[in-house]
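Here are my notes for your read-through, written as numbered points. Keep the 3D view open while you go, and click on each residue as it comes up.

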Amino acid sequence: MGKIFKFNQDVDTDQIIASQYLLFPTIDEMKTHTFESLDPDFAANVKPGDYVVASENFGCGSSREQAPSVLKALGVKAVIAKSFARIFYRNSINIGLPVIVCKDLHDNVNAGDEMELNLQEGIVRVGDKEYQCTKLPAYMQGILDQGGLIASLNKED
């Protein structure tokens, strides 16, 4: 079980991690500024195993890989949204951050609710309700299980 941090539609990568923090040399230094303009306390309050739930077009804007990287570095277990910007989705899989499409979740949960995600089944549970999400194909689940595309490719050598 993890806590929900809820965001609305069109959250862009600059809102996830603002461009001025890209000058920091490491993701660990950047992560304390995650969602700073939307929720200044996010980085201090999120715990490993928590979830980001959003509406449509999550991760739009520039293609910076640091956006999913800071979420993963903070221990976010997955981002569940109605839809994702294509490049954010791809970058997330590349670094091993699960991104799940779930059309009904955002409108039926609140920030702070506890939820559980079964990636293999594509099911989210919040309280006594279940939500059917897009189930990841087995090959994509395998990539995530190995820590992302780069880690997966390195293991093939």
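**Notes on the model**

1. Let's start with Leu38, which counts as partly exposed because its relative accessibility is 37%. Bear in mind that this is a predicted model. You'll find Leu38 in the loop between helix H2 (27–30) and H3. Leaving aside neighbours within four places in sequence, Leu38 is in contact with Phe7, Val11 and Gln15. Take Gln15: it sits 23 residues from Leu38 along the chain, and the two C-alpha atoms are separated by 6.9 Å.

2. Now try Glu65, in the loop between S2 and H4. Glu65 is another partly exposed residue, at 39% relative accessibility. How far is Glu65 from Val46 in space, C-alpha to C-alpha? The answer is 20 Å, with their positions 19 residues apart in sequence. If you set aside residues within four places in sequence, Glu65 is in contact with Asn91 and Ile95.

3. Next, the middle of the protein. As background, nonpolar side chains in soluble globular proteins tend to be buried together. Here, the largest nonpolar core has 50 residues. Phe42, Phe58, Leu71, Leu105 and Met115 are the ones with the most contacts inside that core. Click on Met115 and look beyond its neighbours within four places in sequence: its contacts include Met1, Ile4, Tyr51, Val53, Leu105 and Val126.

4. Aromatic rings deserve a point of their own. A search of the whole structure turns up 10 aromatic pairs. In one of them, Tyr21 and Phe24, the ring centres are 5.6 Å apart and the planes meet at 50 degrees, so the pair is tilted. Tyr21 counts as buried because its relative accessibility is 13%, whereas Phe24 is partly exposed, with a relative accessible area of 30%.

5. Compare that with Phe58 and Phe84, an aromatic pair that is edge-to-face: the centres are 6.2 Å apart, with 85 degrees between the planes. Phe58 lies in the loop between S2 and helix H4 (66–73), and Phe84 in the loop between strand S3 (78–81) and helix H5 (86–95), so the pair ties together parts that are 26 residues apart in sequence. Buried or exposed? Both Phe58 and Phe84 are buried. They also belong to one aromatic cluster, together with Phe5, Phe7, Phe35, Phe42, Phe88 and Tyr89.

6. How many salt bridges does the structure hold? There are four. One of them joins Arg64 to Asp14, with the closest N and O atoms 3.1 Å apart. Arg64 lies in the loop between S2 and H4 and Asp14 in helix H1 (residues 13–16), so this pair ties together parts that are 50 residues apart in sequence. Arg64 counts as buried at 14% relative accessibility, while Asp14 is partly exposed, with a relative accessible area of 36%.

7. Two other salt bridges are worth a click. Asp28 and Lys31 meet at 3.3 Å, N to O. Arg125 and Glu130 do so at 2.8 Å. Arg125 is partly exposed, with a relative accessible area of 30%, and you may remember Arg125 as one of the contacts of Met115.

8. Asp50 is the charged residue I'd ask you to look at twice. Asp50 sits in the loop between helix H3 (42–45) and strand S2 (51–54). Asp50 is buried yet has no salt bridge. Lys3 has the nearest side chain of opposite charge, 5.4 Å away. A salt bridge needs the two atoms within 4 Å, which is why Lys3 does not count. What does the side chain of Asp50 reach at 2.8 Å? That would be the backbone nitrogen of Lys3. Beyond residues up to four places away in sequence, Asp50 also touches others, including Gly2, Phe5, Asn45 and Val76.

9. Finally, two backbone angles. Asp10 has a phi near 60 degrees, a positive value in a residue other than glycine. Asp10 is in the loop between strand S1 (2–6) and H1 and counts as partly exposed, at 38% relative accessibility. Phe35 isn't a glycine either, and has a positive phi of about 55 degrees. Phe35 lies in the loop between H2 and H3, but counts as buried, at 0% relative accessibility.

Technical notes:
Residues are numbered from 1 along each chain as its sequence is written. This is a predicted model: local features need pLDDT of at least 70, side-chain atom pairs count only at pLDDT 80 or more; totals for chains, interfaces and linings use all residues. Side-chain values use heavy atoms; hydrogens and water are left out. Helices (H or I, at least four residues) and strands (E, at least two) are DSSP runs, numbered from the N terminus. Buried means under 20% relative accessible area, exposed over 50%, partly exposed in between (1.4 Å probe, protein chains only). Lys and Arg count as positive and Asp and Glu as negative; His and the chain ends are not counted. A polar contact is a pair of N or O atoms within 3.5 Å; within protein, one must be able to donate a hydrogen and the other to accept it, and residues adjacent in sequence count only if both atoms are side-chain atoms. Contact means heavy atoms within 4.5 Å. A nonpolar core is a set of buried Ala, Val, Leu, Ile, Met, Phe, Trp, Tyr and Cys residues joined through side-chain atoms within 4.5 Å. Rings of Phe, Tyr and Trp (its six-membered ring) pair if their centres lie within 6.5 Å; planes under 30 degrees apart count as stacked, over 60 as edge-to-face and the rest as tilted.
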